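Please read the following report with the sequence and the model side by side, and find each named part in the structure as you come to it.

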Amino acid sequence: MDNAGYTSLTRQSGLIREMQAVANNIANMSTTGFRREQVVFTEYVQALGGGHASISMGAPRAGFAPEVQGALTGTGRPLDLAIEGEGFFRIATPDGDMLTRAGAFVRSPDGEVLTPDGMPLLDGGGAPVFVPPDAADIAVASDGTLSADGAALAQIGLWQPVDTIQIERRAGARFALAAEPVPAFEGAGRIVQGFLEASNVSPVAEIARMIEVQRAYELGQGFLDKEDERMRGFIRSFGR
Amino acid sequence: MKALQIAATGMKAQQVRVEVISNNLANMSTTGYNARRAEFSDLHYQQIARAGTVNTTDGAVLPAGVQLGLGVRSAAVTVALQQGSLRETGGDLDLAIEGGGYLEVQMPSGISAYTRDGGLQRSPDGQIVTADGLALVPDITIPGDARSIAINAQGEVYGYFDDQVEAELLGRITLSGFANSSGLEAIGSNLFLETAASGPPFIADPGTDGVGTLRQGYLEESSVDAVREVTELIEAQRGYELNAKVITAADQMLGATTQIR
């Protein structure tokens, strides 16, 4: 069995995946509410038996999205909402309710508060948020109370997942959950009106990681090259 | 190697951002112009290893999955509807709207368009028209012998004549409001058209229903903040370069692969 070849192959294919994650993070450095994705390499140990040492293969088998707050950028639009602290907005989509921190909302002609692609924002009780079409002056307080022309209309809810494991990332900086989310703890996060939360990707860290991945990959290729030469030499010497 | 395509989507997104910024900067002196901003959204994710998958015979689940994204796309270009600062011009038909409403004008095709550019003119036959010659709705005609005209905050147009002391009410300018003004379709020349997203206009007298009031002798300046745009431009340019670097790195990795015999 060509253990050396297989071990470095596992490493190489894992590095290509990590490169994909880095490329995706950099591509999304300007995506509102985006959370950077990081892959984690885990060991897969195989015992060889017969007094030999066991071999270990490293493959990316886990990932996580670090919950680091992205910078808040002022936009001045009344329905641009950022969350400072913990919690997510809950939106209704055809694939079920999802959580997001991308808070750029618009009003539909009927007064619904929607994401730019038309998914309704839900309030603290899970019902869509409505604003009368002729309301002129919309204010959102830090606890999510939405008022128009001085009258309170709705309470935008902050939510959090029950199970932090079974979260699936979806397009639009959204997270799909296996179980219903629950309201976030009182005071865990506050809503800031007229601001958007920028992507939490740090370009410097990503580029540094990218160089690391690239060099590790080249190292692995060099190793495969040497292994190839070694086997050729073996065949040359003993194959006559 | 998907990193190549992913970085390409990133470069494209940053390019859209530069285009939006350059249009904003080009319009930093356009009356009534509102700055646009490009919004981005991530693309679909490949679920390489699903979180929560049962991993061992004793029922332990994978604590976190591997989800690899496929890049970015531009989701929307939003308009930040902000009141621009008012510039005094002294022109008797220069109107600034203080509030969220629009002036309605009649297009040559007969449909209505909406504008916040209140630099109005008088046509040869006394009609109030925009700088492009589109008539205001409702139609107001100023008699040729009017000495001066006055427009108050509520949109009433008064004419002063040599042969009478009292001012004569010539008509009333109304304003149109929209449920979702950022859903209007911009067609250039400071004009907007109603869309399904903006909803139908509600027509109101200035000073009612939140459409705002008029101010004669002023024009609304562009709300583009040059400092902010230039900062964004730097970010967009560096973002573009970072994505290009990813392409180079991915290419070199591919190069290393092809060197193995």
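In chain B, strand β7 (residues 103-106) runs antiparallel to strand β8 (residues 112-115), and four bridges join the two. One place to look at this pairing is B:Leu103, which stands opposite B:Thr115 in β8(B). The two strands belong to an open sheet of five strands in chain B, whose order is β11-β7-β8-β17-β16 and whose pairing is antiparallel. At the edges of this sheet are β11 (136-137) and β16 (185-188) of chain B, each of which pairs on one side only. In a regular strand the side chains alternate between the two faces of the sheet.

It should be said early that this is a predicted model. Its scores are ipTM 0.76 and pTM 0.82, and for chain B the pLDDT averages 88, with 95% of the residues scoring at least 70.

Strand β17 of chain B also leads to a loop that is worth a visit. B:Pro200 lies in the loop between β17 (191-193) and β18 (202-204) of chain B. Is B:Pro200 buried or exposed? B:Pro200 counts as exposed because 12 C-beta neighbours lie inside 10 Å of this residue, and a residue is called exposed at 12 or fewer such neighbours. Although B:Pro200 and B:Asn180 are 20 residues apart in sequence, their C-alpha atoms are 9.5 Å apart in space.

Chain A has paired strands as well. Strand β5 (residues 89-93) and strand β6 (residues 96-100) of chain A run antiparallel and are joined by five bridges, and they form a hairpin with two residues between them. Within this pairing, A:Ala92 stands opposite A:Asp97 in β6(A). Strand β6(A) is also joined by three bridges to strand β14 (residues 174-177) of chain A, again in an antiparallel run, and here the bridge partner of A:Leu99 is A:Phe175 in β14(A).

Both chains are divided into two domains, and in each chain domain 1 is made of two separate stretches of sequence. The table sets out the bounds and the separation of the C-alpha centres for each chain.

| Chain | Domain 1 | Domain 2 | C-alpha centres apart |
|---|---|---|---|
| Chain A | residues 3-67 + 201-238 | residues 72-197 | 38 Å |
| Chain B | residues 2-81 + 224-258 | residues 86-220 | 41 Å |

In chain A, four residues of domain 1 are in contact with eight residues of domain 2, and the side of domain 1 that touches domain 2 has one nonpolar, three polar and no charged residues. In chain B, the contact between the domains takes six residues from domain 1 and 10 residues from domain 2. By class, the side of domain 1 of chain B that touches domain 2 has two nonpolar, four polar and no charged residues.

The helices can be checked against a simple ruler of 1.5 Å a residue. The 25 residues of α1(B) should span 36 Å on this basis, and the end C-alpha atoms of the helix are indeed 36 Å apart, which agrees. For helix α2 (residues 203-238) of chain A, the 36 residues should span 52 Å, and the end C-alpha atoms are 52 Å apart, so the two values agree here too.

Which residues of α1(B) are buried? Among them are B:Ala3, B:Ile6, B:Ala7, B:Gly10, B:Ala13, B:Arg17 and B:Val20. An α-helix has 3.6 residues a turn, so residues three or four places apart point the same way. The buried residues of α1(B) pack against α1 (3-27) of chain A together with β1, β4 and α2 of chain B. In α2(A), the buried residues include A:Glu206, A:Met210, A:Val213, A:Tyr217 and A:Leu224, and what covers the buried residues of α2(A) includes α1 of chain A together with α2 of chain B.

These packings lead to the contact between the two chains, which takes 66 residues from chain B and 57 residues from chain A. On the side of chain B that touches chain A, at least two residues each are supplied by α1 (2-26), β1 (36-42), β2 (45-49), β3 (66-69), β4 (72-79) and α2 (226-258) of chain B. The largest share of that side, 11 residues, comes from α2(B). By class, the residues of the side of chain B that touches chain A divide into 32 nonpolar, 26 polar and eight charged.

Definitions and conventions. Residues are numbered from 1 along each chain as its sequence is written. Chains are lettered from A and ligands numbered from 1 in the order in which they are written. This is a predicted model: local features need pLDDT of at least 70, side-chain atom pairs count only at pLDDT 80 or more; totals for chains, interfaces and linings use all residues. A residue is buried if 20 or more other C-beta atoms lie within 10 Å of its own, exposed if 12 or fewer, and partly exposed in between; C-beta atoms are placed from the backbone. Two residues are in contact if their C-beta atoms, placed from the backbone, lie within 7 Å. Ala, Val, Leu, Ile, Met, Phe, Trp, Tyr, Cys and Pro count as nonpolar, Asp, Glu, Lys and Arg as charged, and the others, Gly among them, as polar. The expected span of a helix is 1.5 Å times one less than its number of residues. Domain bounds come from an automatic or database domain assignment. pLDDT is the predictor's confidence in each residue, from 0 to 100. Two strands pair if DSSP finds at least two bridges between them.
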